[in-house]
Amino acid sequence: MSPLSRRFGAVSTLALATALATPVAAQTADEGVFTMLGRIILAAGRARVAIDTPQAVTALDIDDIEREQASTPGDLLRAVPGASSFGGGAMTGQFLNIRGIGTSSASDENRIIVSIDGVQKYFEQYRVGSHFGEPELYRRVEVLRGPGASLLHGSGAIGGVVAFETRQASDFLSEGETTALRLRAGGHDNGSGSFGSAILAHRFSDRVEMLAAITTRQEGDYDAGGGALVPGTNMSAQSALVSGSWLMSDESEQRLSFSASRWRTEGDQVPYSAYGDFSVFGTVDRTVTDDTAQVTWENPASDNPWIDARVQLSFSRSEVDQSNAQGYPGYPFAPPYSIFQDSIYAYEGVTLNARNTITAEGERWQNYLTFGGQIATRDREQVSGGSTLGSHPAGNSDGYGLFLQNELVLSEDLTLLGALRYDYSSLTATAGADPSLLNMPVTHSGLAGSLAAHYTINEAWSVFGTYASTTRLPTIDEMFDSGTSGGTASLGLRPEHARTIELGATWQGRDIIAAGDGLDVKLTAFNNQFQDRIERVSIAGQPSFQNIGRARIRGVEIEASYESDLWFGRFAASAIEGLDQTTNLRLNSTPAHQAMLEIGRRLPEQNLELGWRGTFVAGASLASGERFAGHSLHDVFMTWRPDQGAFRDIEVQLSVNNIFDVEHYNILDGAQATSRPRPGRDIRLTLGRTISF
């Protein structure tokens, strides 16, 4: 391990040891205290508390989301260890990275599964990001890091899962209320950004409720630290959401729910490259529309141990329509070069998911067997200047997956969790590939499995471990791309394999500083070993994508949360190292080591909540040797919820990010010469009010 890693580990160990120095006698369990690590995790199968889950998981709730005052969904991950966003300042350039998995230069389909209300989302296009959405519409975000917790979602999720949940009517309606109107508006000075939202929730009866929401957001070009304007970081977007639920009868627990959302942005003469400083690509008129819809039937059947069922039918479409490209003076690949032709790119898919859990129990044990499957079809569409580019082949991806997960709890101290999954895919190129390959299905299949254990030593300490073997099947882009840098189709691609080991420990303390307070700490170490890793090689005359051989990503994550009546805080840190074992060079998808510390104070009499957050990023180098300096960012925030006077029922949120206006870069964006510096000082203000009647 490098000297920097040793220093990082020493600091983390010291912080952990200091936190755990409280006498055991003071660590009595107190169910009244509720920390961030005490939140219930839903996306990992049977609902369980985060700190008792034998994998690394984090849940963000409404308070976290609204306090962040985020402009993009990726901004919400700033306090999640091992997870981050990168790419452009505008939404259309956003990518995600979990534990060193996630790049802008290769297909990351299935390596990180991103879902909205259970609907899997992904988009890929040259010089455009992969994920779109409006933070104002989310009520919850769960981040599952590593493959061990993700087999219910897909076998290829080597990085993990990011699961967003949209708003529900029950978020705004208390008992006895039938209608609520939530209004919020805000803005920030760096880039002169603004947003507004209106959410209407209505309860028709004890069994039926619905919600409708609309939002609008404007983002101007921001200033980097030091005041330099960063062009191409502006955005204008609108979104809408409709959701509802119906309890099918008073005598039954069966519930039918649905949600449908649309996010849309239109830009005239925006940079063709939605991320990075690549002005040579010129500008383009670009409209992005992202649609998500799902209907879900659930039957918990709490009085029947054989049934706890859930079936979901979902639809997703992400589309980019671009036209009127304007070239950069002197650039040889200016319009009418093929990529600049008027084009439509889209991903459209329909998925059916079903699963059921059978419960069995004895005097000192409980067993939960979950099984199910999914059937999915996805179309990759692209038309440019009346034809389809070989660098972005169109086609169909059809497949299915079957999964089985069993959780055995013995004497409430030992939990054993095993999972198996089988996936099959059929890829068919319909345009943009060699004519001899069109409409000829190429099939792949793969197995994945995991075994996890969690053991409670005493009221304070627990240990856990996971072993996972994962298979990621090739995608349409990886199989049939024949137009990138003169490359050819990659019909010889083998599925990508990864073996992951995680070991960790948790500690829970109560009555540490004040009566009734609590501190929870979770430490996880992991090692990912890749075989047949699929990468874009961009060599003329060779397959565009190849299995590069072996790679390793390993690291350590620490997450801690503290709660008392007057104080709250959290700590999140990660140190990750990635190595291409074929070249012995650093994997450029590896993020810099970093730590985040947040401390907050509640003033009940003034209805105030104040806090500070520091983000400390270590220096790191790309495989090329280019060095990125470390940096420290400091933010402050305030939430005021007055309960009397002229401002009664108004919620005010104020934050100042990057107080000292530090210039900084994200190493995941690539070389500094072509990446954009991140925002400088930014003051954000949001006002909100909920009217109930």
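## Phenylalanine 164 and its core

Setting aside neighbours within four places in sequence, phenylalanine 164 is in contact (heavy atoms within 4.5 Å) with Pro73, Leu76, Val114, Ser115, Ile116, Asp117, Tyr138, Arg140 and Val141. This is a predicted model, in which local features need pLDDT of at least 70 and side-chain atom pairs count only at pLDDT 80 or more, while totals for chains, interfaces and linings use all residues. Residues are numbered from 1 along each chain as its sequence is written, and side-chain values use heavy atoms, leaving out hydrogens and water.

Phe164 belongs to the largest nonpolar core, which has 27 residues. Such a core is a set of buried Ala, Val, Leu, Ile, Met, Phe, Trp, Tyr and Cys residues joined through side-chain atoms within 4.5 Å. Buried means under 20% relative accessible area, exposed means over 50%, and partly exposed lies in between, using a 1.4 Å probe and protein chains only. The members that touch the most others are Leu76, Val141, Val143, Val162, Phe164, Phe530 and Ile553. Two or more residues each come from β5 (94-98), β6 (112-116), β8 (138-145), β9 (160-166), β24 (518-531) and β27 (550-563). Here strands (E, at least two residues) and helices (H or I, at least four) are DSSP runs, numbered from the N terminus. Apart from this core lies another, of 21 residues, with Ala90, Trp263, Val270 and Phe340 among them.

## A sheet of five strands

Strands β6, β8 and β9 also appear in an open sheet of 5 strands, ordered β3-β8-β9-β6-β7 with mixed pairing. In general, strands of a sheet pair through backbone hydrogen bonds, either parallel or antiparallel. Two strands count as paired if DSSP finds at least two bridges between them. At the edges are β3 (56-60) and β7 (119-121), each of which pairs on one side only. On average, neighbouring strands of this sheet are turned by 20° against each other, direction ignored; the axes are lines fitted to C-alpha atoms, for helices over the stretch in contact, with angles running from 0 to 180 degrees between N-to-C directions.

Within the sheet, β8 and β9 pair in the antiparallel sense over 7 bridges. One bridge puts arginine 145 opposite its partner in β9, glycine 160.

## Strand β12 and its partners

Let us turn to another strand. The side chains of β12 (residues 208-219) alternate. Glu209, Leu211, Ala213, Thr215, Arg217 and Glu219 point to one face and are buried, while Val208, Met210, Ala212, Ile214, Thr216 and Gln218 point to the other and are not. Strand β11 (residues 193-203) runs antiparallel to β12 and is joined to it by 10 bridges, with a hairpin of 4 residues linking the two. Alanine 198 stands opposite isoleucine 214 in β12. β12 also pairs in the antiparallel sense with strand β13 (residues 235-247), over 12 bridges, and here glutamate 209 stands opposite serine 245.

Methionine 210, in β12, is partly exposed at 32% relative accessibility. Not counting residues up to four places away in sequence, methionine 210 touches Ala169, Leu200, Ala201, His202, Phe204, Val242, Ser243, Gly244 and Phe258. The C-alpha atoms of methionine 210 and tryptophan 246 are separated by 8.9 Å, although the two are 36 residues apart along the chain.

## Rings and charges

The structure holds 17 aromatic pairs. Rings of Phe, Tyr and Trp (its six-membered ring) pair if their centres lie within 6.5 Å; planes under 30 degrees apart count as stacked, over 60 as edge-to-face and the rest as tilted. Phenylalanine 278 and phenylalanine 281 form an edge-to-face pair, 6.2 Å centre to centre with 70° between the planes. Phenylalanine 278 is partly exposed at 21% relative accessible area, whereas phenylalanine 281 is buried at 6%. Tyrosine 400 and tyrosine 424 are stacked, at 5.4 Å centre to centre and 25° between the planes. Tyrosine 400 lies in β19 (residues 394-410) and tyrosine 424 in β20 (residues 414-431), so this pair ties together parts 24 residues apart in sequence.

Ring pairs also link Tyr126, Tyr272, Phe278, Phe281, Tyr331 and Phe340 into a cluster. Arginine 127 lies over the face of phenylalanine 278, 4.2 Å from the ring centre. A charge sits over a ring if NZ of Lys or CZ of Arg is within 6 Å of the ring centre and within 35 degrees of the ring normal. The charged end of arginine 533 likewise sits over the ring of phenylalanine 530, 5.1 Å from its centre.
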